[in-house]
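User: Please explain the terms applied to this model, setting each value against its criterion.

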Amino acid sequence: MSNIAVVFWSGTGNTEAMAAAVVDGIKENGGEAVIFGASDFSADMMNEYDAVAFGCPAMGDEVLEEGEFEPMFESCLSNLKGRKIALFGSYGWGDGEWMRQWESSCRDAGAELAYECVICQETPDDDALESCKALGAALV
């Protein structure tokens with residue numbers, strides 16, 4: 001059975017709703033999911049999980065949240081080589097540049113992206129939540 005960490009930061013609840021759908025997709029496909037807020041996860045925890053889903057909304061000028069999420073994620077970058085991960089998040093404006101940059105940094109670090117990154121504008125609709133479930137399933 002796959003043991004998967006779902007690590008996220010959410011300011012408005014949109015990315016939190018996406019994280020819950022990722023967890024549902026993991027559990028519905030026989031995996032075990034442990035959900036963490038960004039401040040409760042660290043790089044030394046990476047080896048405890050078969051895969052990790054990271055979720056963060058776009059902030060400011062389309063960047064990762066800089067107070068909690070980005071420092072945690074930056075510390076995990078060196079542990080991504082060969083690791084199965086997935087990315088998700090919401091945004092309020094822009095065109096998803098933050099996700100393209102984030103995905104690129106993960107690929108550069110050698111991560112194996114298990115599923116196409118899932119983004120949605122504002123509150124996730126039914127299609128976005130189904131995509132999050134599929135993302136979770138792909139990690140199992």
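**Strand pairing and ring pairs**

Analyst: In this predicted model, Ala-53 has Ala-86 of S4 as its bridge partner.

User: What makes S3 and S4 a pair of strands?

Analyst: Pairing requires at least two bridges. S3 and S4 are joined by five bridges and run parallel, so the criterion of at least two is met. Between these strands the chain passes through H2, in a right-handed β-α-β crossover.

User: How do you know that S4 and S5 pair?

Analyst: Two bridges link S4 and S5 in the parallel sense, and because at least two are required, the strands count as paired. Lys-84 has Glu-112 in S5 as its bridge partner. The crossover from S4 through H3 to S5 is of the β-α-β kind and right-handed.

User: Why is strand S4 described as mostly covered?

Analyst: A residue is buried when its relative accessible area is under 20%. Seven of the eight residues in S4 (residues 84-91) are buried.

User: Why is the pair of Phe-36 and Tyr-49 called edge-to-face?

Analyst: The ring centres must lie within 6.5 Å, and the planes must be over 60 degrees apart. For Phe-36 and Tyr-49 the centres are 5.9 Å apart and the planes stand at 80°, so the pair is edge-to-face. Phe-36 belongs to strand S2 (residues 32-37) and Tyr-49 to the loop between S2 and strand S3 (51-55), so the contact ties together parts 13 residues apart in sequence.

User: How do you know whether Phe-36 is buried or exposed?

Analyst: The relative accessible area of Phe-36 is 11%; the limit for a buried residue is under 20%, so Phe-36 is buried. Tyr-49, at 9%, also counts as buried.

User: What makes the pair of Phe-69 and Trp-102 edge-to-face?

Analyst: The centres of these two rings are 5.5 Å apart and the planes are at 85°, so the pair is edge-to-face. Phe-69 lies in helix H2 (residues 69-76) and Trp-102 in helix H3 (residues 97-108), so parts 33 residues apart in sequence are tied together. Phe-69 and Trp-102 are both buried, and with Phe-54 and Phe-73 they form one aromatic cluster.

User: Why is Glu-122 called partly exposed?

Analyst: Its relative accessible area is 43%, and partly exposed covers the range between under 20% and over 50%, so the label applies to Glu-122. Glu-122 is located in the loop between strand S6 (118-121) and helix H4 (126-139). Its phi is positive, about 60°, although Glu-122 is not a glycine.

Note on methods: Residues are numbered from 1 along each chain as its sequence is written. This is a predicted model: local features need pLDDT of at least 70, side-chain atom pairs count only at pLDDT 80 or more; totals for chains, interfaces and linings use all residues. Side-chain values use heavy atoms; hydrogens and water are left out. Rings of Phe, Tyr and Trp (its six-membered ring) pair if their centres lie within 6.5 Å; planes under 30 degrees apart count as stacked, over 60 as edge-to-face and the rest as tilted. Helices (H or I, at least four residues) and strands (E, at least two) are DSSP runs, numbered from the N terminus. Buried means under 20% relative accessible area, exposed over 50%, partly exposed in between (1.4 Å probe, protein chains only). A crossover is right-handed if, with the strands pointing away from the viewer, the path from the first strand over the helix to the second runs clockwise.
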